[in-house]
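Me: I am new to this structure and would like to learn how to read it, one feature at a time. Could you take me through it slowly?

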Amino acid sequence: MSLHPEVIRLLIFLVGIIAFAALNAAYLVWLERKEAGHIQRRIGPKEVGPFGLLQPLADGIKLMTKQLIVPAGVDPILFKIAPILVMVPAIMSFVTIPYGENLVARNIDIGLLMIFAFASVNVLGLLLGAWGSRNKYAVISAARVVSQNVAYEIPMLITVVTLVMITGTMNLHEIVMQQQGGFWNWNILNLAASPLMPVAFLIFFVCMLAETNRAPFDMAEAESELIAGAFTEYPGMGFGVFFMGEYANIVIGASVATILFLGGWQCPFGLFPGVHWFLLKMYFLIFTVIWIRWTYPRTTFYSLLNLSWKILIPISFFNLILTSAMIKVF
Amino acid sequence: MIDYLKEIISGTWSLFVGLGITIKYFFQPVVTVQYPRQTLPMTPRFRGHIELVRDEETGGTKCVVCGMCQKACPSGCITVEGEKKEGGKGKVLSEYTLDFTKCSLCGLCVESCNFGAITFSKDYNLAGLRKEAYVFDLKKRLEEKK
């Protein structure tokens, strides 16, 4: 019996994607702690391995040795399925992200739509986990997550629609190919299509922070108010999987921002395009996400919603109208 | 409308200023002292428990066993014993004991000494398992310090 080469290819990509997601989740925690340390002029993890590089391994082993307690009164199915519901969509979204010219598991024509469809399942996972835990903190957290995600999905999608109007395709590979050349061809500087493109990038980035529940929008697990929010009742690896899902979502967000606005794997000077440029841009965005977390305090819930409904949505709408007018006129 | 836009722009600018401050700190050297492996030099006026001062001429102690420190101590934690020196005048220190369990580091003993024979040490690593470990034989300490 011989396997079809396509099956082998898919298997390799599946293993690769899961490994990439897990490795990133582990080492982004390390990066987060190290960066937080240096911003506060501390050292950060350093004891386990050189530069503390084995710290994620130690954390993982610690989480795995913990007993998986299912508290009395929880919904047994929802409680167990929720971490998976957060993790699986994140991994699914990796399928269509092109990391290099040929480095993509499946080049789907509506890849962009697929990523946003799966990204919203993440919220459902958090909601079900919180509801199933039978915990007041978790339920408050779930209510916050849902209203926050509803509010921020709108400006994000309007910005994406603006972008799709400019590029004329939802195929991520083609979107990157259109940004060939130098950094002046990237969508973030595509001022001929709309003079507000840098602002659109900013809106997209802010919405990405809110969608992934990162500080300063981490209302979902506001430690000082809600213990750990939706994760309050989760022990050991249940919590670990949630956490990995969160970090995988950050990687997805940074990857999509890189593809849509920063030219994907294209080099800023038109030389040697390749996967290294993609990773460089992606990790710079992730660095910025962490940098933001250790700079700003958490917002209040009302100012969070005000920012979306009063500022981001009007501006992104204005940008949409401006772009369509520019497309029509020129 | 103008105010609305002004507020957004100034608000966004203030966020970037904030990011600028934290990234500046990010690239500055760390200030952590990793205590058991690194230590800071103690400040000159640090008050540890007392210790005897070495007389540079004789190599022994400066103490003449006058007993002023023993009298000055409000907690009675100093015990000074001396022996009559053979063929000379005055006494020689034979025992100087500090019961650190009672000492409150007031420093009256150091002040009362007319010969500058005692001073504050810089010793702060004083963890121990038994009460007896805190009765210091300062004469022995001075001899061991050589």
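Me: How many residues of chain B are in contact with chain A?

Reply: Two residues are in contact if their C-beta atoms, placed from the backbone, lie within 7 Å; here eleven residues of chain B are in contact with ten residues of chain A. On the chain B side of this interface there are seven nonpolar, four polar and no charged residues, where Ala, Val, Leu, Ile, Met, Phe, Trp, Tyr, Cys and Pro count as nonpolar, Asp, Glu, Lys and Arg as charged, and the others, Gly among them, as polar. This is a predicted model, in which local features need pLDDT of at least 70 and side-chain atom pairs count only at pLDDT 80 or more, while totals for chains, interfaces and linings use all residues. Residues are numbered from 1 along each chain as its sequence is written, and chains are lettered from A and ligands numbered from 1 in the order in which they are written.

Me: Into which domains is chain B divided?

Reply: Domain bounds come from an automatic or database domain assignment, and for chain B they give domain 1 (1–31) and domain 2 (50–144). The centres of these two domains of chain B, taken over C-alpha atoms, are 59 Å apart.

Me: What does the C-alpha trace of chain B span along its principal axes?

Reply: The trace of chain B spans about 100 × 35 × 30 Å.

Me: What share of the residues of chain B count as buried?

Reply: A residue is buried if 20 or more other C-beta atoms, placed from the backbone, lie within 10 Å of its own, and 14% of the 146 residues of chain B meet that description.

Methods:
Buried ≥ 20, exposed ≤ 12 C-beta atoms within 10 Å, placed from the backbone.
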